[in-house]
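Here are a few exercises to work through with the model open beside you. Try each task before reading its solution.

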Amino acid sequence: MSAVAAKPQAGGAMNPTAMGVGVVMLLILLGICWYISPVAGLSVLIGVIIGGVLIGFGTHFVPVGGAPAAMGQAPGIATGVAMLAAGAGLAGLFGGAWAAEQGVVVAVITGGVGGGLMMAITCMMVNFVYVFGMGIPSASGKVAKDPITGDTQAEYKSQGTEGHGLPFVSFVGGVIGGILGGAGGTLIYVELLGLYEQALPGVMNVTAAQVMPIAVSAAGMFAVGLFLVNAVLTAYNITGTIEGPHDPKFKRWPRSIVASAVASALCGLVAVLLVVPLPI
Amino acid sequence: MEHIVFGIGITALTGALATVAGAAEDTESNIGSQGDPNSQVQLAPQMGFLHRIFNKAVAGEPPAYGLWCALGAGLAWAFMAMQTNPVLAIVLGCVLATFVQGVYATTAYVGRTASLAKFGQPVYVDILKSMTTVTMAHAFIAIFCTVTLCHLINAALGHPFPLPLLGLIWGIALGAAGSATGNPYYGKERQYQNQKFGAGVPISASGNIVRYAEAGERNSIDNGWFTAKIGGSASGICFGLIVFLELWRTIVFEAINPWYAIIVGVLMILIFTVVDRYIEVWARKNYGPYTVAKEADA
C-alpha cells in the first residue's frame with residue numbers, strides 16, 4: 001500500500017497537537033483540584049475522569065445507524081448515538097445507584113450489567129422486528145465476514161443498500177457499550193455521592209441524615225449530565241453512524257478519550273467546587 | 001419474605017405499565033414522524049412528492065421523552081409536596097406535561113413544514129388540528145405510565161433517586177427503546193410500502209414515500225394504526241422487558257446477596273445473546289441470500 005493510500009480519512013485523522021493541548025488542559029485541571037483539595041477532591045475527580053472515559057469509549061461500541069437504518073438502508077440501530085448510549089447508560093446508573101450502599105465495586109459492576117442488559121434486550125428486539133416484522137436478514141456493510149461468527153455478509157445485503165439489521169458482532173458491541181457506559185455512569189455517581197455525604201453536612205450545617213436527599217439528587221444530576229456530555233462528544237467523533245467495534249470509525253477512539261477526559265475533568269471540578277471551599 | 005413478595009408484585013405492575021408506555025410512545029412518535037423516518041417526510045417535498053404526513057420532529061425521541069417525563073414527574077412531585085393525593089398529583093403532572101408536548105408538536109409541525117414553502121408544501125391546518133390531539137392522547141398514556149412506574153419504584157421499592165430524576169432517566173430509556181425498535185417498522189414498512197417486502201429501501205428511492213391511502217391521501221393516523229400492530233407492540237415488549245427484568249433481578253436476588261443479582265444479570269445477557277443469534281441464523285436459513293456468494297465476492 002502506498003503512503004497516500006495508507007493515509008487515514010480526513011474525519012478520522014488524529015491531530016497530535018490538539019491531543020497534546022488536551023492532555024495539558026487535563027493536567028492543569030487536575031493541578032487546580034490538587035491545590036484546592038489535595039486528598040478527597042482529587043481522588044473524586046480522578047474517579048469522575050475514569051467514569052467519563054469509560055462512557056466515551058463505550059459509546060464507540062454501540063451500533064447506531066441513524067435515519068438510514070430506519071429505512072433498512074444501513075446496519076445498526078435506528079436512532080442517534082448519544083441518545084441510545086444515554087438510554088443504556090442511564091438504565092445502568094439506575095441499577096448502580098440502588099447498589100451504591102454495597103460499595104464501589106458491587107455498584108459499578110451492577111451498573112455495568114444493567115446497561116448491558118438494556119442493550120441486549122434492545123438489540124434482540126431490533127433484530128426481531130427486522131426479521132419477523134420486515135423479513136430482512138442482518139448484513140454488515142463494512143466487513144465481508146462477521147469477525148465473531150465468520151458469517152459472510154455481502155450476499156445478504158439487499159440491492160441498493162449498505163446492509164441492514166444487526167449482525168452478531170454489532171450485537172456484542174452494543175452489549176459491551178452498554179456495560180462500559182453503565183459502569184462509567186455509576187462510578188461517577190458513587191464518587192460524587194461519597195464526597196457530598198462527607199462534605200455537605202459541614203457546608204450546610206445540618207445532620208448527615210438530613211443531607212442525604214440533597215447529596216443523592218446532586219450526585220445523580222451530575223452523573224446524568226456527565227453522561228450526556230461524554231455521549232454527545234463521542235457522537236461528534238463518530239460523525240453520525242457506526243456499526244460497532246469492526247467499523248473503521250472505531251479506530252478514532254483515542255481522540256475521543258482525550259476529549260472525554262478533559263470535559264469530565266472540567267465538569268468534575270465544578271462538581272467538587274460545589275462543596276469544597278476555595279483556599280483564599 | 002413478605003417484602004420480597006410485595007416487591008415482585010410491584011415489579012410486575014411496573015413491567016405492565018412499561019409495556020403500555022412503550023407501545024404508546026412508539027405509536028405517538030410514528031403519528032408525529034418523530035423518529036429517524038422524519039428525514040424522509042422532510043425530504044419528500046424536496047423531491048417533488050407533496051404529502052399530508054404530520055412531522056413534529058425537532059428533537060429525538062429520547063431527549064423529548066426525557067423532558068416530558070421529567071416534567072410530569074417533577075410537577076407530580078411538587079403536587080405531592082403540597083399534600084395532594086399521589087394519584088391526582090401524577091394525573092395533574094402528566095396533563096400539564098402533555099400540554100407542553102402539544103405546544104411542542106404544534107410549533108414543530110408549523111416550523112418544519114413552513115421551511116418547505118419554497119418546494120410548494122402547504123401547512124395543512126386540518127392536519128394540525130386532527131393530528132396534534134391524537135399525539136397528545138398517546139403522549140399522555142406514555143408519560144402517565146412512565147411517571148407512575150417511577151413513583152412506584154421510588155415510593156414502594158425505595159430507590160434513592162427523587163421522582164423528577166427517575167422521570168428523566170426512564171423517559172430517556174423509554175425514548176431510546178421505542179425509537180430503536182419501532183423506527184425501522186415505520187420507516188421501511190409503512191413509509192415505503194411501495195417497495196419490495198423483505199429488502200431494504202434502495203438509496204435511490206429516498207423521498208418517494210407512500211402518499212395515498214385506499215381512499216384519498218394518506219395521513220398520519222393511518223400510519224399510527226398500521227405501526228401499532230408490530231412496531232408499537234414490539235417497542236412495548238422491549239421497554240417492558242427492560243424495566244421488569246432490571247427490577248426483578250434486583251428485588252429478588254440483591255436482598256439475598258448483591259453478587260447473585262449480578263450473576264443473574266449476566267445470565268440474562270447470555271440468554272438474550274443466544275436468542276439474538278438464533279433469530280439471525282433463522283433469517284439467513286429461511287430467507288436465504290439476495291445474490292449468490294460468487295457474485296458478491298466479485
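## Exercise 1: The interface

Chain B and chain A together bury about 6500 Å², and 74% of that lies on carbon and sulfur atoms; buried area here is the accessible area (1.4 Å probe) that two parts lose on being put together, summed over both. This is a predicted model, in which local features need pLDDT of at least 70 and side-chain atom pairs count only at pLDDT 80 or more, while totals for chains, interfaces and linings use all residues. Residues are numbered from 1 along each chain as its sequence is written, chains are lettered from A and ligands numbered from 1 in the order in which they are written, and side-chain values use heavy atoms, with hydrogens and water left out.

Task: find how many residues of each chain are in contact, and how many salt bridges cross the interface of chain B and chain A.

Solution.
1. Start with contacts (heavy atoms within 4.5 Å). 79 residues of chain B touch 77 residues of chain A.
2. Next, apply the salt-bridge rule: a side-chain nitrogen of Lys or Arg within 4 Å of a carboxyl oxygen of Asp or Glu. Two salt bridges cross the interface of chain B and chain A.
3. Arg277(B) and Asp151(A) form a salt bridge at 2.9 Å, N to O. These two residues belong to a salt-bridge network with Glu280(B) and Arg284(B).

## Exercise 2: Salt bridges within a chain

Task: for Lys142(A) and Asp247(A), state the N to O distance of the salt bridge, then look at further pairs in chain B.

Solution.
1. The whole structure has eight salt bridges over all chains. In the one between Lys142(A) and Asp247(A), the N to O distance is 2.8 Å.
2. These partners are 105 residues apart: Lys142(A) sits in the loop between α6 and α7 (168-204) of chain A, and Asp247(A) in the loop between α8 (208-238) and α9 (253-273) of chain A. Helices are DSSP runs (H or I, at least four residues), numbered from the N terminus.
3. For exposure, buried means under 20% relative accessible area, exposed over 50%, partly exposed in between (1.4 Å probe, protein chains only). Lys142(A) is partly exposed at 38%, whereas Asp247(A) is buried at 3%.
4. Now take Arg52(B) and Asp126(B), whose closest N and O atoms are 2.7 Å apart in a salt bridge. Arg52(B) is in the loop between α2 and α3 of chain B and Asp126(B) is in helix α5 of chain B, so this pair ties together parts 74 residues apart in sequence.
5. Finally, Arg249(B) and Glu246(B) form a salt bridge at 3.2 Å, N to O. Both lie in helix α7 of chain B, three residues apart, about one turn of the helix, and both are buried.

## Exercise 3: The cysteines

Task: count the disulfides over all chains, then check Cys69(B) and Cys94(B).

Solution.
1. With a disulfide taken as a pair of cysteine sulfur atoms within 2.5 Å, the count is zero over all chains.
2. For Cys69(B), the nearest cysteine sulfur is that of Cys150(B), 7.0 Å away. Cys69(B) is buried, at 0% relative accessible area.
3. For Cys94(B), the closest cysteine sulfur belongs to Cys69(B) at 7.8 Å, too far for a bond. Cys94(B) is also buried, at 0%.

Key:
Helix = DSSP H or I, 4+ residues; strand = E, 2+ residues; numbered from the N terminus.
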